Amino acid sequence: QITANLDVFIRRFNEIQYWVVTEIVHTASLSKRVSLLRKFIKLAAYCKEYQNLNAFFAIVMGLSNNAVSRLTQTWDKIPSKFRKIFTEFEALIDPSRNHRAYRMFVGKLQPPLIPFMPLLLKDMTFAHEGNKTSLDGLVNFEKMHMMAQTMRTIRFCRSRHLAVLDPPSPKSEGEVRSYISCFRTIDNQRVLSAMSHKLEPSRRT
């Protein structure tokens with residue numbers, strides 16, 4: 001019960017990620033698949049612009065899923081401008097050097113922003129499990145400082161309210177809310193890969 005909202009937040013991350021893959025492998029038409037791929041790259045750009053980095057990561061990871069990345073016929077028809085943007089997005093979510101690229105990027109932002117939550121959870125888990133709570137009967141304040149730093153990061157991200165300009169009309173807002181409340185998702189990688197290979201069979205050399 002204590003972490004119920006956090007659990008929902010993490011499930012939503014996975015849902016968005018697999019929604020991206022599902023929508024693409026469900027699109028039989030090559031031209032429509034190319035159009036959809038462009039829209040998802042634009043959507044990732046919007047998420048980055050409005051500092052929703054959690055959704056940004058989910059979308060880019062969905063596009064990087066093997067069931068999508070192997071669709072060479074689709075990617076080949078994407079304009080070079082979009083491919084360049086996506087390459088920059090992949091570099092930003094690169095996990096090497098403890099997500100150094102992302103940490104440097106997010107360190108320059110001002111609130112409000114939605115951080116990449118799985119990384120913050122990883123930081124807290126590392127601090128908690130990698131350090132003893134007490135040393136020789138005394139509180140390990142170094143561990144407490146590490147845990148507190150992550151919590152300060154979360155508080156900083158939400159220290160200002162988001163001001164949404166030009167809100168959509170009630171009708172369009174209702175349609176959007178209805179759509180995003182029940183994404184069509186398949187979270188079985190084997191099924192997604194099979195659908196991908198059906199769309200674009202592997203070329204034999």
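**Exercise 1.** Which helix gives the most to the lining of the second largest pocket?

*Solution.* Before starting, note that this is a predicted model, where local features need pLDDT of at least 70, side-chain atom pairs count only at pLDDT 80 or more, and totals for chains, interfaces and linings use all residues. Residues are numbered from 1 along each chain as its sequence is written, and side-chain values use heavy atoms, leaving out hydrogens and water.

Step 1: find the contributors. H7 (96-106), H8 (117-129) and H9 (141-157) each supply at least two lining residues; helices are DSSP runs (H or I, at least four residues).

Step 2: pick the top one. H9 gives the most, with six residues.

Step 3: look at the centre. Of 17 lining residues, Arg103, Val106, Leu120, Gln149 and Thr153 lie nearest to it.

**Exercise 2.** Explain why Cys157 and Cys182 form no disulfide (a pair of cysteine sulfur atoms within 2.5 Å).

*Solution.* Step 1: recall the chemistry. A disulfide is a covalent bond between the sulfur atoms of two cysteines.

Step 2: check Cys157. Its closest cysteine sulfur, in Cys47, is 15 Å away, so a bond is ruled out as too far.

Step 3: check Cys182. Here the closest cysteine sulfur is again in Cys47, at 18 Å, also too far for a bond.

Step 4: compare the surroundings. Cys157 is buried, with a relative accessible area of 4%, while Cys182 is exposed at 55%; buried means under 20% relative accessible area, exposed over 50%, partly exposed in between (1.4 Å probe, protein chains only).

Step 5: conclude. The structure holds zero disulfides.

Conventions:
1 Å grid on protein atoms, 1.4 Å probe; cavity = no way out; pocket = protein on both sides within 12 Å on 5 of 7 lines; lining within 4 Å. Disulfide = S-S within 2.5 Å.
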